[in-house]
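Here is a short note to read beside the model. Please keep the sequence and the 3D view open, and check each point as you go.

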Amino acid sequence: MKTNSDTNRALYLGLDVHKEQTVIAILEGSRDAEPRA
């Protein structure tokens with residue numbers, strides 16, 4: 001039986017840093033993934 005710890009998933013994080021705020025975007029490693037902020 002496979003569990004979540006048996007699979008490798010790539011996550012990409014993007015930081016948009018400004019003086020007033022910081023925005024973090026997350027993108028999963030699949031080819032058709034949509035970014036989440």
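**Notes on the strand pair**

1. Start with one pair. Leu15 has Ile24 of strand 2 as its bridge partner. Please find these two residues before you read on. Keep in mind that this is a predicted model.

2. Now take the overall inventory. The chain has two strands and zero helices. How many bridges join strand 1 to strand 2? The count is seven, and the two strands run antiparallel. Strand 2 covers residues 22–28. Strand 1 covers 11–17.

3. Look at the turn next. Strand 1 leads into strand 2 by a hairpin, and four residues make the link. A further pair helps you line the strands up: Gly14 sits opposite Ala25 of strand 2.

4. Consider how open the chain is. It has 37 residues, and 0% of them are buried. The exposed area is about 3,900 Å². Carbon and sulfur atoms supply 50% of that area.

5. Check the range of the contacts. Take the contacts between residues at least 6 apart in sequence. Of these, 0% join residues at least 24 apart.

6. Which residues make the nonpolar surface patch? They are Leu13, Leu15, Val17 and Ile24, and the patch measures about 440 Å². Strand 1 gives the most to this patch, with three residues. Note that Leu15 and Ile24, the bridge partners from the opening point, both belong to the patch.

7. Stay with Val17. This residue lies in strand 1. Is Val17 buried or exposed? Its relative accessibility is 57%, so Val17 counts as exposed. The cut-off for exposed is over 50%.

8. Move across to Thr22, in strand 2. Its relative accessible area is 48%, so Thr22 is partly exposed. Which residues does Thr22 touch, leaving aside neighbours within four places in sequence? They are Leu15, Asp16 and Val17.

9. Asp16 deserves its own point. This residue belongs to strand 1. With 41% relative accessibility, Asp16 counts as partly exposed. Leaving aside neighbours within four places in sequence, Asp16 is in contact with Gln21, Thr22 and Val23. The Asp16 side chain also makes a polar contact with the side chain of His18, at 3.0 Å.

10. Go to Leu27, another residue found in strand 2. Its relative accessible area is 30%, so Leu27 is partly exposed. Now compare sequence and space. Leu27 and Leu11 are 16 residues apart in sequence, but their C-alpha atoms are 5.8 Å apart.

11. List the contacts of Leu27, again leaving aside neighbours within four places in sequence. Ala10, Leu11 and Tyr12 are among them. So are Ala33, Glu34 and Pro35. Show these side by side in the viewer, and mark Leu11 as the residue whose C-alpha distance to Leu27 was given above.

12. Finish with Arg9. This residue is placed in the segment before strand 1. Is Arg9 buried or exposed? The relative accessibility is 63%, so Arg9 counts as exposed. Arg9 and Glu28 are 19 residues apart along the chain. Their C-alpha atoms are separated by 7.5 Å.

Terms used: Residues numbered from 1 in each chain as written. Predicted model: local features only at pLDDT ≥ 70, side-chain atom pairs only at ≥ 80, totals over all residues. Heavy atoms only, no water. Buried < 20%, exposed > 50% of the residue type's maximum accessible area, 1.4 Å probe, protein only. Pairing = 2+ DSSP bridges. Patch = residues over 30% accessible without salt bridge, like charges linked within 9 Å, V, L, I, M, F, W, Y side chains within 5 Å. Areas by Shrake-Rupley, 256 points an atom, 1.4 Å probe, with all protein chains shown as cover. Salt bridge = Lys/Arg side-chain N within 4 Å of Asp/Glu carboxyl O. Contact = heavy atoms within 4.5 Å. Polar contact = N/O pair within 3.5 Å; in protein donor to acceptor, adjacent residues only side chain to side chain.
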